[in-house]
Amino acid sequence: MKKHLKKQAAALLVSALAVSGGAAYAAPSADVSQGGDLQQAEVISAILNYSVTINGKDAKNTGFMNQESKQIMLPLREISEALGYEIKWNAKERSAELTKQDTPVWTLVQTNKDQYNVNKMNVELGSAPVNNLGNLYVPAKFFSDVLHHGVAVDGVRVSITSEAEDVKTMTSSGVITAVHNDADRKAVHINGAGTEGTILNVDENTVILNAAGDKIELKDLSLGLDIDVEHSLAMTMSLPGQTYAYEIKVKKDSEVKDWIGTSGTVTEVASSDAGTKITVKGFGMTETSPEEVVLNLSPETIIVDQDGKEVKASELKKEDKLLAFYSPVLTKSLPPIGNASKLVLVK
């Protein structure tokens with residue numbers, strides 16, 4: 001009778017877990033009267049399977065709930081290949097590289113690493129890829145947030161469609177503080193230097209326009225230019241934050257290409273009959289830009305706030321944060337002295 005009750009209780013427990021997708025521990029037991037040893041707790045678990053359809057067709061493999069991250073995990077290879085992607089597996093790195101013929105799509109996922117490449121930047125999805133019985137599983141969000149496909153969950157059924165989701169973007173304004181145009185890095189830094197500001201990652205699909213609306217190239221951009229940018233809503237948590245730029249438009253063209261600059265704080269303001277002189281200390285925007293510089297202001301110096309509103313030289317004060325652009329011709333003194341071309345007060 002006791003054995004029958006034990007079996008019935010175990011069956012009920014497993015049935016309950018199959019519905020909840022959880023796990024439980026059977027209580028330890030021992031028949032002391034028979035001289036038995038105390039038994040170890042036995043793990044009884046059940047993983048709730050999620051059926052998967054790809055463009056209306058049933059997938060061979062099922063998905064499962066990651067109990068730790070509470071995310072649905074789906075088979076990467078079967079779904080990706082059904083959507084037209086090619087996958088190259090790197091056994092040494094335990095990673096998979098995804099590409100799609102005749103498109104710029106490229107991304108890389110690595111086993112046990114919550115880092116996914118989205119628009120030339122790495123983001124976290126809250127759950128790392130896991131290897132289960134030889135198959136690599138990724139969060140369902142990978143197919144919507146990274147590959148931009150339709151993903152719908154109805155109970156324990158997940159539907160994946162080729163129809164791309166609308167890419168969510170926003171528009172921002174800024175001042176260029178660095179342009180990276182190397183073979184391994186193409187990006188524009190705005191509104192700061194070092195850990196400040198925002199990095200706009202660009203590629204061959206990024207549209208770059210001058211003030212007249214004509215297409216230009218990344219090499220045509222320079223420090224101090226005011227731009228409007230349409231970029232992804234996705235932003236890395238790094239400092240500075242990084243996002244992908246879909247379109248960059250210069251507000252006002254400039255013939256000046258050789259400015260250097262310092263992003264920092266005003267540490268001293270000196271006014272005299274000869275004019276105003278300020279000292280700025282912070283981060284150099286280029287390799288040749290000093291971290292601290294003394295700048296002479298003239299009537300030709302452009303002084304504005306981040307919204308483009310004109311600011312008078314007499315309004316500058318200590319502790320103001322600003323982006324200072326100036327000619328590379330500086331004195332050899334410490335700190336070096338030069339002539340300010342453009343100052344932008346930042347919030």
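Strands here are DSSP runs of E covering at least two residues, numbered from the N terminus. By that count Ile208 falls in strand β19, which spans residues 207-209. The model is a predicted one, and this residue makes a handy place to start looking at it.

Ile208 has a relative accessible area of 7%, and because buried means under 20%, the residue counts as buried. Its contacts, leaving aside residues up to four places away in sequence, take in Asp214, Lys215, Ile216, Glu217, Leu218, Leu221 and Ile248. The backbone of Ile208 also has a partner from further along the chain: its C-alpha atom is separated by 5.8 Å from that of Glu247, with the two positions 39 residues apart along the chain.

Zooming out, the protein has 347 residues, and 37% of them count as buried. Its secondary structure adds up to 3 helices and 27 strands. Among contacts with a separation of 6 or more, 54% come from residues 24 or more positions apart. The protein exposes about 20200 Å², and carbon and sulfur atoms supply 50% of that area.

One piece of the strand structure is an open sheet of 3 strands, laid out in the order β7-β8-β9 with antiparallel pairing. The edges are β7 (86-90) and β9 (106-110), each of which pairs on one side only. On average, neighbouring strands of this sheet are turned by 20° against each other, direction ignored. Strand β8 (residues 95-99) is joined to β9 by 5 bridges, the two running antiparallel. As for individual residues, Leu98 has Thr107 in β9 as its bridge partner.

Next come the aromatic side chains. The structure holds 5 aromatic pairs. One of them is formed by Phe142 and Phe143, which meet edge-to-face, with 5.4 Å centre to centre and 85° between the planes. The label edge-to-face applies because the planes are over 60 degrees apart. Are these two rings buried or exposed? Phe142 is buried, at a relative accessible area of 0%, and Phe143 is likewise buried at 0%. Tyr116 joins in as well: ring pairs link Tyr116, Phe142 and Phe143 into a cluster.

Another tyrosine has a charged group for company. The charged end of Lys100 sits over the ring of Tyr85, 4.7 Å from the ring centre.

Notes:
Residues numbered from 1 in each chain as written. Predicted model: local features only at pLDDT ≥ 70, side-chain atom pairs only at ≥ 80, totals over all residues. Heavy atoms only, no water. Phe/Tyr/Trp six-rings, centres within 6.5 Å; stacked < 30°, edge-to-face > 60°. Buried < 20%, exposed > 50% of the residue type's maximum accessible area, 1.4 Å probe, protein only. Lys NZ or Arg CZ within 6 Å of the ring centre and 35° of its normal. Helix = DSSP H or I, 4+ residues; strand = E, 2+ residues; numbered from the N terminus. Contact = heavy atoms within 4.5 Å. Pairing = 2+ DSSP bridges. Axes fitted to C-alpha atoms, helices over the stretch in contact; angles between N-to-C directions. Areas by Shrake-Rupley, 256 points an atom, 1.4 Å probe, with all protein chains shown as cover.
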